[in-house]
Amino acid sequence: IRQYVEDKALVQEVIPDAIKLLLAKFYGLGFCYSSILSFVEMTMLSSLLSSRLNINSTFRLRLLYRSSRDGCKAFAFHERCDSAANTVTIIQSKEFDHVFGGFTAVPWMKRNKDVRKSNRTTDSSAEKKQNDDTFLFILRSRDTAVQSTLPRLIELKNLKGINTPILVQHGTSLGPCFGFEDIRIGSNMSDAHTFYNGSFHLLKGITLSDVNIHPLSGRP
């Protein structure tokens, strides 16, 4: 089955739903094909998402935006991704071949805004958590100390002086940005940096080879 999927993906043919269900059954609840990920990394991501988001049924990640295909500009990102909620962002660095990213339940938008954790008193704690769900992950790294812990899940860090943590940052000249510059992608979608004291402290300034955005369908 694995070879069949890789052959189909290589020539960009449609993979039948029956094959996707078999993959979900034997390799994890979720199906995602990404040109960035190896087959093992797809399985790692599926397992991480189903565990962290408490998903007990099959789900799918379809490709909504790919910077190398749709354009390395924030405008192209917003054109395809604005209003999309429950998205998985997969990022590949050019120099080091790191693969990392994040999930957020918050819909993307171009209007300049820092989206913070919900303080609505009308929502139950479960509703707040689902509406605010945002976290980071690492799937591939050349750092041997990190490799032994992959896949790594990273929760957003609460910074001193910020009472309500920032989940994502929006802006017309920004790509997908998580936390208080935990992952910040600029207008050209080709470079990223992280706040030196933030949650995602393993990387500083890096050049990107690709950014993929996948809406998650099937989340309860």
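**How many bridges join strand E12 (residues 191-193) to E13, and in which sense do the two strands run?** Let's take that as a warm-up. Two bridges join E12 to E13, and the strands run antiparallel. Strands pair here if DSSP finds at least two bridges between them.

Some ground rules before the exercises. Residues are numbered from 1 along each chain as its sequence is written, and side-chain values use heavy atoms, with hydrogens and water left out. The model is predicted, and local features need pLDDT of at least 70, side-chain atom pairs count only at pLDDT 80 or more, and totals for chains, interfaces and linings use all residues.

## Exercise 1: Get an overview

Task: describe the chain as a whole and its confidence.

Step 1. Count the elements: there are seven helices and 13 strands in the protein chain. Helices (H or I, at least four residues) and strands (E, at least two) are DSSP runs, numbered from the N terminus.

Step 2. Turn to confidence. The pLDDT, the predictor's confidence in each residue from 0 to 100, averages 78 over the protein chain, and 71% of the residues score at least 70. Among the elements, helix H1 (residues 2-10) has the lowest mean pLDDT, 50, while helix H5 (residues 74-81) has the highest, 95. Over residues 8-12 the pLDDT is below 50, and beyond near neighbours in sequence this stretch has three contacts in the model. A contact means heavy atoms within 4.5 Å.

Step 3. Look at burial and contacts. Of the 220 residues, 49% count as buried; buried means under 20% relative accessible area, exposed over 50%, and partly exposed in between (1.4 Å probe, protein chains only). Among contacts between residues at least 6 apart in sequence, 63% join residues at least 24 apart.

## Exercise 2: Walk along strand E13

Task: find the strands that pair with E13 (residues 206-217), and name a residue partner where you can.

Step 1. Start with cover: nine of the 12 residues of E13 are buried.

Step 2. Strand E2 (residues 59-61) pairs with E13 in the antiparallel sense over two bridges. Leucine 61 has leucine 216 of E13 as its bridge partner. Phenylalanine 59 also belongs to E2, and this residue is buried, with a relative accessible area of 5%. From phenylalanine 59 to serine 217 the C-alpha distance is 5.7 Å, although the two are 158 residues apart in sequence.

Step 3. Strand E3 (residues 65-66) also pairs with E13 in the antiparallel sense, over two bridges. Here arginine 66 stands opposite asparagine 212.

Step 4. Strand E4 (residues 87-93) runs antiparallel to E13 and is joined to E13 by seven bridges. Threonine 89 has isoleucine 213 as its bridge partner.

Step 5. Return to E12 from the warm-up: aspartate 191 stands opposite threonine 207 in E13.

## Exercise 3: Check a helix

Task: compare the expected and actual span of helix H3 (residues 39-52), then describe its cover.

Step 1. The expected span is 1.5 Å times one less than the number of residues. For the 14 residues of H3 this gives 20 Å, and the end C-alpha atoms are 20 Å apart, so the two agree.

Step 2. H3 is mostly covered, with 10 of its 14 residues buried. Among them are Phe39, Met42, Leu45, Leu48 and Arg52.

Step 3. Look just past the helix end: asparagine 54 takes a positive phi of about 55°.

## Exercise 4: Classify the aromatic pairs

Task: work out the geometry of two of the four aromatic pairs in the structure.

Step 1. A pair of aromatic rings is described by the distance of the centres and the angle of the planes. Rings of Phe, Tyr and Trp (its six-membered ring) pair if their centres lie within 6.5 Å; planes under 30 degrees apart count as stacked, over 60 as edge-to-face and the rest as tilted.

Step 2. Phenylalanine 103 and phenylalanine 135 have ring centres 5.4 Å apart and planes at 25°, so this pair is stacked. Phenylalanine 103 lies in strand E5 (residues 99-104) and phenylalanine 135 in strand E7 (residues 134-140), so the pair ties together parts 32 residues apart in sequence. Both phenylalanines are buried.

Step 3. Tryptophan 108 and phenylalanine 178 form an edge-to-face pair, at 5.6 Å centre to centre and 85° between the planes. Tryptophan 108 sits in the loop between E5 and strand E6 (113-116), and phenylalanine 178 in strand E10 (residues 177-178), 70 residues apart.

Step 4. Tryptophan 108 counts as buried at 1% relative accessibility, and phenylalanine 178 is buried at 0%. Together with Tyr65 and Phe77, Trp108 and Phe178 form one aromatic cluster.
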